[in-house]
Amino acid sequence: MAIQFSGLASGLDTSAIITQLMNIEQAPINRLQADKTWQNSRLAAFTDLDAKLKAFADSIKTLADADTLQQRAIKQNTTDYLSASVSTGALVGGRYQVEVLSLAQVQKSVTQDGVASKTSATFGTGTLHLTVGGANHDIAITSANNSLEGIMQAINDANLGVSAAIINDGSANPYRLALTGGSVGTTFSLDSSDLIGGTDSLGGMNLDDGFGGTINPPTQAATRAHVRIDTVDIYSDSNKLTEAIPGVTLDLMQAKEGSFTTLNISLDQNSITSAIQAFAKGYNDVISFITGQSVIDEQGGGVLGGDSGINSIKRHLQSMLTTLTANDGVFSTLSQLGFKTQKDGTLLVDDKVLADAVNNNLDSVVSLLSGKGENKGVIAQFQDYLGAMTSTTTGMLQGRKTSITDSIKRIDSQIATMETRLEQRQKMLESQFSAMETLLSSLNSQSSYLTQQMTALSNMMNRSK
C-alpha cells in the first residue's frame, strides 16, 4: 500500500475528511445490511417453526395407528427359562403357565480320537456312508482326499445337510472332525466300514481303521423345541414360538421339566397415555413458539410478530382442538379425553380423565384419535394439516423461506453494486484531494518565490537611496 501524507500543503486532515465523507456514503449500505440481518433472523425463525411443526407431526405419527392405542403389557414371574413379548393381538387378562421341556437344537458329533496332522493322507480309501434323516448317501474317499481335511471337504461338497469342520483340542493329536446337522431334529450317522487301509484311527464316529466300529454318541442330540402350555404339548423347530399363544412371542432359553413360567397379559396403560400426552407436548411446543413471536402487554415479541401466516397456523390448530370429529365412539372432541386449553394457549392433560377414558372406553379413544373405516381420526387430520404447512414444495413455510431467501439475494446484489460504486467514489475523492494538495503546494512555492523577489527588490531600492 502506498504511503499517503495528508494535508501537507493545505494543513487539512484530508484522510479524515475522506473517511467522514465515505461514512456518509456508506449509510445506505448499512441500512441494507441491517435489513439483511433482519431477513436472516426471520429465515432462522421460520426454519425453527418448520422444525417444530415437523417434530409435532413425528411425535403423533404412531397415534394414527390403532395398534399404538391398544398396546399390551406382559408380566412373567421368572425369566430363567424364556422371555416373552406381546402384540395387540394378545388377549387382555390372559394368564398362561408355560413349561419348557426341551430346546430346539441340531445334532453335533465329534470324533473321539484326534490326529497329529489334518493334511496328511493317513486314512483308508473307499466309500464313506453318511446317513441323514434315515437316508443313506455314499461319499467317495480316494488317495486324493483321504486326509482329515480331505474328508471334511468331501462331506461339505456333498451338500447333504450336514456340515463338517476340524477342531483343535490342544492335545498331542489335536485335530478332530466335527459334524453339525443343518436343521433341527435332523439326525445323522457316519459309517466308514467300507474304507480300506489307513494308519490313523479317529474312533468314535466309525471313522477308524476302515473295519467298522461303534458310532460315537452325539455331543449334542438333535431335538425339537417342546413346551407345555396349560397342559397342551407344543413342538417347534425353532426356539422362537410365535403361534403358541395368540399375540405372544416366546423366546426359549432353558429347558427344565417341572419348572413353570407364569405369563399375565394386561393393557399397557402407561404406554398408551404417554403416546397421547406426546400430542400435547408437540402442540405446546408449536403454540409457545408462535405466542413468543407476538407482543403481549407491550412486552416480548419476535421477528415473526404480526406475520399473518404464523397467526393463521395458531388459529387453525386451536380450531382443530374443538372441532367435532365424526366416529362410532362416545367421544367426539379431545376435551373429553382430558385435554384443557390454558390461558397461554397451551394444553394441559388431566391424567385422571385420560386414564378413565383409556380403561373404560378404549375403543372410543381409538375411534376418535386413529379413526375407523372411512372416518378420519383427529390425529390424521392434524397430520394432513401439518404436512401441508411443512411441504417442501407447496407449504406455507417453504413459501416464506423462499421469499426471504430471494430478498437476501437481492440485498446482497445491491450491496455488491453499491460497494463497487463507493470504492470508485473513494478513489475519486482521494484523487481530487491529492490534486488539490499538489495545486496548493505549487501555489505555495510560487508565493514563496514572489515573496523572495519582492523582498530582494525592496532591499535594492533601499540601498540606492
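**Exercise 1. Confidence along the chain**

Find how the confidence of this predicted model behaves over residues 1-5, and set this beside the chain as a whole.

*Solution.* Begin at the start of the chain, where pLDDT stays under 50 over residues 1-5 and the model has 1 contact beyond four places in sequence for them. Next turn to residues 202-215, where the pLDDT is also below 50, although this stretch has 54 contacts in the model beyond near neighbours in sequence. Where pLDDT is low, the predicted coordinates should not be read in detail. Then take the chain as a whole, for which the mean pLDDT is 85, with 91% of the residues reaching 70 or more. Finally, go through the elements by their mean pLDDT: the lowest value, 58, belongs to strand β16 (residues 295-296), and the highest, 97, to strand β14 (residues 248-252).

**Exercise 2. Two helices in contact**

Determine how helix α1 (residues 14-59) and helix α3 (residues 269-292) are placed relative to each other, and which residues make their contact.

*Solution.* Two packed helices are described by the angle between their axes and the distance between the axes. Here the axes of α1 and α3 come within 8 Å and cross at roughly 165 degrees. Angles over 145 degrees count as roughly antiparallel, and α1 and α3 are therefore roughly antiparallel to each other. The crossing of these two helices is left-handed. From α1 the contact draws on Ala-45, Asp-48, Leu-49, Lys-52, Leu-53, Phe-56 and Ser-59, while α3 contributes residues including Phe-279, Gly-282, Tyr-283 and Phe-289. Sorted by class, the contact has 10 nonpolar, 2 polar and 3 charged residues.

**Exercise 3. The surroundings of Gly-126**

Locate Gly-126 and decide whether this residue is buried, partly exposed or exposed.

*Solution.* Gly-126 has its place in strand β5 (residues 123-132). Its relative accessible area is 27%, and since buried means under 20% and exposed over 50%, Gly-126 is partly exposed. Leaving aside neighbours within four places in sequence, Gly-126 is in contact with Ile-139, Ala-140, Ile-141, Asp-194 and Leu-195.

**Exercise 4. Positive phi in a loop**

Describe the phi values of Asp-230 and Thr-231, and the exposure of each residue.

*Solution.* Most residues other than glycine have a negative phi. Asp-230, however, has a positive phi near 50 degrees, and Thr-231 has a positive phi near 75 degrees. Asp-230 lies in the loop between β11 (225-229) and β12 (232-236), and Thr-231 lies in the loop between β11 and β12 as well. As for exposure, Asp-230 is partly exposed, with a relative accessible area of 36%, whereas Thr-231, at 69%, counts as exposed.

Methods. Residues numbered from 1 in each chain as written. Predicted model: local features only at pLDDT ≥ 70, side-chain atom pairs only at ≥ 80, totals over all residues. Heavy atoms only, no water. pLDDT = per-residue confidence, 0-100. Helix = DSSP H or I, 4+ residues; strand = E, 2+ residues; numbered from the N terminus. Contact = heavy atoms within 4.5 Å. Axes fitted to C-alpha atoms, helices over the stretch in contact; angles between N-to-C directions. Parallel < 35°, antiparallel > 145°, perpendicular 65-115°, else oblique. Left-handed = near helix turned anticlockwise from the far one by under 90°. Nonpolar A, V, L, I, M, F, W, Y, C, P; charged D, E, K, R; others polar. Buried < 20%, exposed > 50% of the residue type's maximum accessible area, 1.4 Å probe, protein only.
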